[in-house]
Amino acid sequence: MKTSDVDKLLNDYRTNQARFNHLYLDAMNMAIRINAETRRAIASDAMHAQQYKEMPPCGRVSKPVEDLALRYMDGYIPDVLKGWMAESEAMQTELRELETSIVYVDTWLGALTEKERIVITEHMLDGHSLRELEITSAKKFGYHMSADGIRSIKRKIYRTR
């Protein structure tokens, strides 16, 4: 993986987490809607299948409810459900992509030392400048570190990982 790809994953980490959580809830709600509509689709269509008009011109008795039931047994899916299923599949695809990028970053952070993790988390994930990190370094590291010292930790991470 290129350094630019790693930087992008790190910079987008918080956004990806938020998007993943939001999309996960939307996907769950969509699955509930799809299941509910699937259960009531045939009953809903059956109410509209029976027509109380005159006899068909061919003299043949029609059986619209039976025809509808057979159509559903053959795998018929209403257009509304098809649209929702396509939308749900797109959500699942995006969820898998987001999860992959989040797991990459979590794994990388787990492989770092405490000091390296603080530098990456504060600087790359949270967007603090090296100067801001220098100001709070005594609190975070237990001793003062210059921006150059923090930068060297970051460079070391990129060289060894």
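Where do Arg131 and Glu134 lie, and how many residues apart are they? In this structure, which is a predicted model, both of them sit in helix α6, three residues apart, and that is about one turn of the helix. They are joined by a salt bridge in which the closest N and O atoms are 3.2 Å apart; Arg131 is exposed at 51% relative accessibility, whereas Glu134, at 14%, is buried.

The salt bridges come to nine in total, and I would like to take you through two that link distant parts of the chain. The side chain of Asp126 meets that of Arg14 in a salt bridge of 2.8 Å, N to O, and this pair connects the loop between α5 and α6, where Asp126 is found, to helix α2, which holds Arg14, with the two positions 112 residues apart. Asp126 is partly exposed, at 34% relative accessibility, and Arg14 is likewise partly exposed, at 36%.

The other is a salt bridge of 3.4 Å, N to O, between the side chains of Lys140 and Glu122, and it links helix α7, through Lys140, with helix α5, through Glu122, the two being 18 residues apart. Here Lys140 is partly exposed, with a relative accessible area of 31%, while Glu122 is buried at 15%.

Staying with helix α7, Ser137 belongs to that helix too and is buried, with a relative accessible area of 0%; its side chain makes a polar contact of 3.5 Å with the side chain of His144.

Finally, a word on helix α1, where Val6, Leu9 and Leu10 are buried: seen down the helix axis, the buried residues fall within an arc of 100 degrees, and therefore they line one face of α1.

Terms used:
Residues are numbered from 1 along each chain as its sequence is written. This is a predicted model: local features need pLDDT of at least 70, side-chain atom pairs count only at pLDDT 80 or more; totals for chains, interfaces and linings use all residues. Side-chain values use heavy atoms; hydrogens and water are left out. Helices (H or I, at least four residues) and strands (E, at least two) are DSSP runs, numbered from the N terminus. Buried means under 20% relative accessible area, exposed over 50%, partly exposed in between (1.4 Å probe, protein chains only). A polar contact is a pair of N or O atoms within 3.5 Å; within protein, one must be able to donate a hydrogen and the other to accept it, and residues adjacent in sequence count only if both atoms are side-chain atoms. The arc is that of the directions from the helix axis to the C-beta atoms. A salt bridge is a side-chain nitrogen of Lys or Arg within 4 Å of a carboxyl oxygen of Asp or Glu.
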